[in-house]
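Work through the exercises below with the structure open beside you. Try each task before reading its solution.

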Amino acid sequence: MLKLSQLFFRRTALILTGTFLVAALIGYYLLRQMEIETHARMLRNLLTVLEYDLRCLPSRKIPEVLRQIHRDTGVRVTVIAPDGRVLYESNRSPIGMENHAGRPEILEAKAHGWGESVRHSVTLDEDLLYVAHRDRNFYVRAAYSLQSIRRQLLRLWLEALGVFALILLGIFLFSLRLNERIGRESRRLSRSLESLLEKKYDADIAPVECCAEFAEIRKMLQKVAKKLAKRERQKAKYTRKLKALTQRQSDIISAISHEFKNPVAAIMGYAQSLEEMQGLDPRLRQRFLGKIHDNAEKISLMIDRLALAIKLENRSFTPKKSRFELPAVAASVRETLLQKYPGRKIRLECTPVTIEADRDMIEHVLLNLVENALKYSEEEVILRCTPERVEVIDEGEGLSPEDVQKITKKFYRVDRLSWNNSIGVGLYIVEYVLKLHHTALEIESREGEGATFSFSLEKMKIE
């Protein structure tokens with residue numbers, strides 16, 4: 001397959017050659033016509049002047065004048081009587097010459113005053129241009145050799161052809177230079193395309209020095225390179241996220257499997273003991289049944305939290321708001337957790353405040369925050385409610401700045417802490433619920449000094 005530059009050069013050469021040949025033929029024809037017309041006008045002018053002289057000259061001097069005109073101009077002059085007889089001839093004696101009444105130029109002059117023809121002369125055996133004019137008493141005819149016209153024509157044609165050839169040569173050289181530039185730009189664009197194929201999207205695309213079309217192609221290549229580079233970055237980013245997500249999912253599945261394994265194993269163990277030990281003491285039997293119930297509740301709680309997290313993430317949850325007293329909800333949360341964690345201390349510091357929110361969700365938020373504080377702190381936990389904020393304060397191990405940034409992410413847990421039947425969605429749910437209520441979870445903590453989890457009531461409280 002030919003390259004663009006080769007196609008351009010070959011077609012240009014073909015067009016120039018064809019143009020040269022056509023111009024040569026047309027030029028020759030046009031020059032021939034122009035030359036004949038020029039000599040015809042010259043002969044007409046000559047005859048106009050000569051007729052005036054013939055009227056004034058004596059008859060005996062006319063032959064000498066005609067011969068002199070032929071010597072000076074090369075024009076053959078013939079004076080013809082109205083009946084066609086040749087009266088005078090510049091090149092020979094008129095005696096014995098044929099009657100000229102039937103010559104084409106004489107017939108035309110007889111009809112229109114002037115006559116003109118191009119034909120072969122039998123007398124001179126060559127082609128001549130004839131121009132005849134009718135005077136009152138005679139016809140005057142002038143003839144000029146076409147061979148002389150052809151020589152002059154050939155000289156003019158060759159001169160014009162030379163000039164045209166020089167013009168074509170200039171065009172050819174310009175085309176050759178343009179062809180080289182097109183080839184150079186094509187190679188540059190090819191290298192740029194090779195860079196794109198090799199995914200070197202940041203490689204510089206050389207500036208174009210020739211042709212607006214190549215400049216447009218370069219701009220398009222730059223746009224394509226930028227889009228491909230952006231897409232490659234997005235692909236790399238997506239791949240990293242996918243790998244991280246895959247790893248995360250693997251960790252989550254492993255964690256869920258581990259967390260479900262303990263209560264399931266406990267349920268199976270106690271159930272098997274009850275089945276095998278038919279004469280078991282009723283109090284021990286009741287204890288085993290209580291253990292089975294507790295572990296089943298743990299599994300149910302973990303499933304509920306997972307379901308709620310998925311529901312929130314799918315945007316399929318809408319808060320059902322109502323007005324209620326926040327201290328009452330806080331007291332209910334305290335009683336619930338004291339039953340679950342007997343022997344622990346939860347101090348309630350609440351002032352009266354009425355809010356408009358989803359009661360169940362706010363209760364879930366308080367329950368989750370206080371339970372987290374109980375899990376990760378052996379000391380007393382404070383639940384404080386004011387008209388401005390809700391705070392849950394513990395004096396546990398605290399969190400590192402890195403943990404503070406990540407602790408509300410789904411399935412994240414602090415590595416150094418035990419899972420304690422948690423799958424890491426509690427604080428994720430808390431943050432999402434608070435977001436639905438136009439507020440946000442704030443965390444203040446230092447390692448070894450405990451932590452404070454709080455959120456504003458500005459958008460929820462009733463004045």
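**Exercise 1.** In this predicted model, find which residues are in contact with Phe455, leaving aside its neighbours within four places in sequence.

Solution. Take contact as heavy atoms within 4.5 Å. Going along the chain, Phe455 touches Val365, Leu366 and Leu369. Next come Glu388, Arg389 and Val390. The list ends with Leu434, Thr439, Ala440 and Met460.

**Exercise 2.** Place Phe455 in the largest nonpolar core, and state which elements supply at least two residues each.

Solution. The core has 41 residues. Phe455 is among those with the most contacts inside it, together with Leu326, Ile355, Leu366 and Leu369. The helices that supply at least two residues each are α7 (326-340), α8 (359-375) and α10 (426-436). The strands that do so are β8 (354-357), β9 (381-385), β10 (389-394) and β12 (451-456). Helix α8 gives the largest share, eight residues. A second, separate core has 20 residues, including Val77, Tyr88, Tyr144 and Leu146.

**Exercise 3.** Work out the strand order of the open sheet formed by five strands, and say which strands lie at its edges.

Solution. The order is β2-β1-β5-β4-β3, with antiparallel pairing. Strands β2 (86-89) and β3 (114-121) each pair on one side only, and are the edge strands. From one strand to the next, the twist averages 20°. For one pair in detail, take β4 (residues 126-134) and β5 (residues 139-145), joined by seven bridges. In one of these strands, β5, Tyr139 is the bridge partner of Arg134.

**Exercise 4.** Identify which strands helix α3 touches as it packs on the sheet.

Solution. Helix α3 (residues 104-112) touches β1 (76-80), β3, β4 and β5. The direction of α3 makes about 175° with that of β3.

Definitions and conventions. Residues numbered from 1 in each chain as written. Predicted model: local features only at pLDDT ≥ 70, side-chain atom pairs only at ≥ 80, totals over all residues. Heavy atoms only, no water. Pairing = 2+ DSSP bridges. Helix = DSSP H or I, 4+ residues; strand = E, 2+ residues; numbered from the N terminus. Axes fitted to C-alpha atoms, helices over the stretch in contact; angles between N-to-C directions. Core = buried A, V, L, I, M, F, W, Y, C linked by side-chain atoms within 4.5 Å. Buried < 20%, exposed > 50% of the residue type's maximum accessible area, 1.4 Å probe, protein only.
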